Amino acid sequence: MSRQTTPTVTAKPGVTHRRRPCQRVYWHSCQSLITRHRGMPRATPRFSSVDVAESAGPLEPEELVRYSRHIGLDEVGEAGQRRLKHASVLIVGAGGLGSPAALYLAAAGVGRLGIADFDTVDLTNLQRQVLHDTHGVGLKKTASARARLTAINPFVHVETIDEELTAANALDIIAAYDLVIDGTDNFKTRYLTNDACVLLGKPNVYGSVLRFEGQASVFGSANGPCYRCLFPEPPPPGLVPSCAEAGVLGVLPGLIGTIQATEAVKIVLGVGETLAGRLLLIDALRMSFRTIRLRRDPECPACGTREMKSLIDYDEFCAPRSSMRPQRTSGVQEITPRDLAERLRRGDTIDLIDVRESYEWQIARIDGAKLIPLGQFAAALGDLSRDQDLVLYCHHGSRSRAAAEFLVERGFDRVWNLSGGIDRWSAEVDSTVATY
Ligand code: ZN
């Protein structure tokens, strides 16, 4: 994006701000988002407040003390604290985003918290997932979360949903809560959560992080946009790396998850101006915060035309060969770990190239591989043989696919990408290879 095309965004009537171009909003440029949403009809995305049960009884004496710093705020007061007590929030994902969100919502006195996660606590989680601790490694995240949240505030009722959110169960699970915090780390669950919230009319407090960048918004308001208005389709698999692939600054999900908790509390209380109709972008390296105005897309099948009457097949929607969207054709051949192991066992001559970083190489490697980190790949091109079979691998398969595409584009035709990377190799071929 060039300086000449830097867009000017109207933040308030009469006030304009010149915006710096950002690198990307994961897979769309800021420019395209701003331009697209500028052309959409204006709406007033506003929550009066969610429909919290009116049967809210009085607070106990200990609660009056516990929440006294809340109750002293005119915008909260005892009535607002009772609303929080009788509110329910579902947190989808007890990971980097869900951790601070759950901690602050429990401390704030949200009466019923649902924690949906079917994963276990892993050592690599602890750099950012502050809901869990070292003693919890190997435990179910829901069990770890329940123990911590109950210790913070015994007045909070913690409900654990220890299963994957699917098209079969999402509507029933989400219907039982006033609002949802999207703390997911994959597109399948993100679109599923969005669509279920739109169908049910539930506020969906969105957040996502990658490397040093994060974003947050509130979807599902009466006239405001949903996640599909922003990103109508998921990116081709492998195009956007996961945090496991690309890394994430540990405190960044702390920032975004805390913003999600703030928005959830405001929605329950019915105070302030939420991020509905705005996308907050945070660049932690520059410590810059900016917002882009978002509008509902009249063509959005979920909240625009409302042609989406039920949940869809999200595996198909996000799959590599989905018929619903155009595909990238990379021309790179894939090989499974088992097939590679069989070829190596047969004694086939294969150059096995590891394109990860050297610190990852220290953690685990496949015997016989040669390390060429992706950043040095172009410079090392002359060292690679065009007359030999080359198999490239990385952590999960996307960096090595990019490297393989680079080779194919330069005339290498005996190149394979190891599907699922060293992680799948460890799961299917050699469990002594450490996972991370
Ligand atoms: Zn929409």
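**Helices across a sheet, and a helix pair**

In this predicted model, helix α8, covering residues 187-200, lies across four strands: β3, β6, β7 (204-210) and β8 (213-219). Its direction is at about 165° to that of β6. Helix α11 (residues 252-269) also lies across β3, β6, β7 and β8, and β9 (278-283) is on its list too. This helix runs at about 170° to β7.

So much for the helices; now for the sheet they lie across. Strands of a sheet pair through backbone hydrogen bonds, and they can do that either parallel or antiparallel. Here the sheet is open and has 8 strands, with mixed pairing. Reading across it, the order goes β5-β4-β3-β6-β7-β8-β9-β10. At the edges sit β5 (157-161) and β10 (288-293), each of which pairs on one side only. On average, neighbouring strands are turned by 15° against each other, ignoring direction.

Inside that order, β3 (residues 88-92) and β6 (residues 179-182) run parallel and are joined by 4 bridges. Ile 91 stands opposite Ile 181 of β6.

Then there is a pair of helices to look at. Two packed helices are described by the angle between their axes and by the distance between those axes. For α5 (residues 98-108) and α6 (residues 141-152), the angle is about 30° and the axes are 9 Å apart. Their crossing is right-handed. On the α5 side, the contact involves Ala 102, Leu 103, Ala 106 and Ala 107, which meet Ala 145, Leu 149 and Ile 152 of α6. Sorted by class, this contact has 7 nonpolar residues, with no polar and no charged ones.

Key: Residues numbered from 1 in each chain as written. Predicted model: local features only at pLDDT ≥ 70, side-chain atom pairs only at ≥ 80, totals over all residues. Pairing = 2+ DSSP bridges. Helix = DSSP H or I, 4+ residues; strand = E, 2+ residues; numbered from the N terminus. Axes fitted to C-alpha atoms, helices over the stretch in contact; angles between N-to-C directions. Contact = placed C-beta atoms within 7 Å. Left-handed = near helix turned anticlockwise from the far one by under 90°. Nonpolar A, V, L, I, M, F, W, Y, C, P; charged D, E, K, R; others polar.
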